[in-house]
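Please open the structure in your viewer and keep the selection panel at hand. The tour proceeds from one selection to the next.

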Amino acid sequence: MRTTVVIATRNRSGELAHTLAELSALKPKPPVIVIDNASTDDTAAVATDFPGVVLIS
């Protein structure tokens, strides 16, 4: 795969869950990196619920 998806986010766990679900349904599934900018909600937990997603806090 030649495309990597990078998502920068802060306190958007609901939107992140939706986006990661959509990305995980793609064939082939692209590599995904989530950059969490000091969220105070469960953004980090959402990111780690999806296998293969790399989380950078």
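The stops below describe what each selection contains in this predicted model.

**Stop 1: the annotated span.** Select residues 4-54. An unreviewed UniProt entry lists this range as "domain: Glycosyltransferase 2-like". Helix accounts for 35% of the span and strand for 22%, and the C-alpha atoms at its two ends are 11 Å apart.

**Stop 2: the largest nonpolar core.** Select Val5, Ile7, Leu16, Leu20, Leu23, Val32, Val34, Val46, Ala47, Phe50 and Val53. These 11 residues form the largest nonpolar core. At least two core residues come from each of β1 (5-9), α1 (13-24), β2 (32-36) and α2 (43-48). The largest share, 3 residues, is supplied by α1.

**Stop 3: Val32.** Within that selection, centre the view on Val32. Setting aside residues up to four places away in sequence, Val32 touches Val5, Ile7, Leu20, Leu23, Gly52, Val53 and Val54.

**Stop 4: helix α1.** Select residues 13-24, the extent of α1. With 12 residues at 1.5 Å each, α1 should span 16 Å, and the distance of 16 Å between its end C-alpha atoms agrees with this. Which residues of α1 are buried? They are Ser13, Leu16, Leu20 and Leu23. These residues lie on the same side of α1, because the arc they cover around the axis is only 85 degrees. The partners against which the buried residues of α1 pack are β1, β2 and α2.

**Stop 5: Ser13.** Stay on α1, the helix that contains Ser13. Is Ser13 buried or exposed? Its relative accessibility is 14%, so Ser13 counts as buried, the cut-off being under 20%. Beyond residues up to four places away in sequence, Ser13 touches Asp41, Asp42, Thr43 and Val46. Of these contacts, Val46 was also selected at Stop 2 as a member of the largest nonpolar core.

**Stop 6: Ser39.** Move to the loop between β2 and α2, where Ser39 is found. Ser39 has a relative accessible area of 17% and is therefore buried by the criterion of under 20%. Display its side chain together with that of Asp36: a polar contact of 2.4 Å joins the two. Then add Thr9, Arg10 and Asn11, which Ser39 touches when residues up to four places away in sequence are not counted.

**Final view.** Show the core selection of Stop 2 together with Ser13 and Ser39. The view then holds the 11 residues of the largest nonpolar core, a buried serine of α1 and a buried serine from the loop between β2 and α2.

Notes: Residues are numbered from 1 along each chain as its sequence is written. This is a predicted model: local features need pLDDT of at least 70, side-chain atom pairs count only at pLDDT 80 or more; totals for chains, interfaces and linings use all residues. Side-chain values use heavy atoms; hydrogens and water are left out. A nonpolar core is a set of buried Ala, Val, Leu, Ile, Met, Phe, Trp, Tyr and Cys residues joined through side-chain atoms within 4.5 Å. Buried means under 20% relative accessible area, exposed over 50%, partly exposed in between (1.4 Å probe, protein chains only). Helices (H or I, at least four residues) and strands (E, at least two) are DSSP runs, numbered from the N terminus. Contact means heavy atoms within 4.5 Å. UniProt positions are given in the numbering used here, feature names are shortened, and annotations may be inferred rather than shown by experiment. The expected span of a helix is 1.5 Å times one less than its number of residues. The arc is that of the directions from the helix axis to the C-beta atoms. A polar contact is a pair of N or O atoms within 3.5 Å; within protein, one must be able to donate a hydrogen and the other to accept it, and residues adjacent in sequence count only if both atoms are side-chain atoms.
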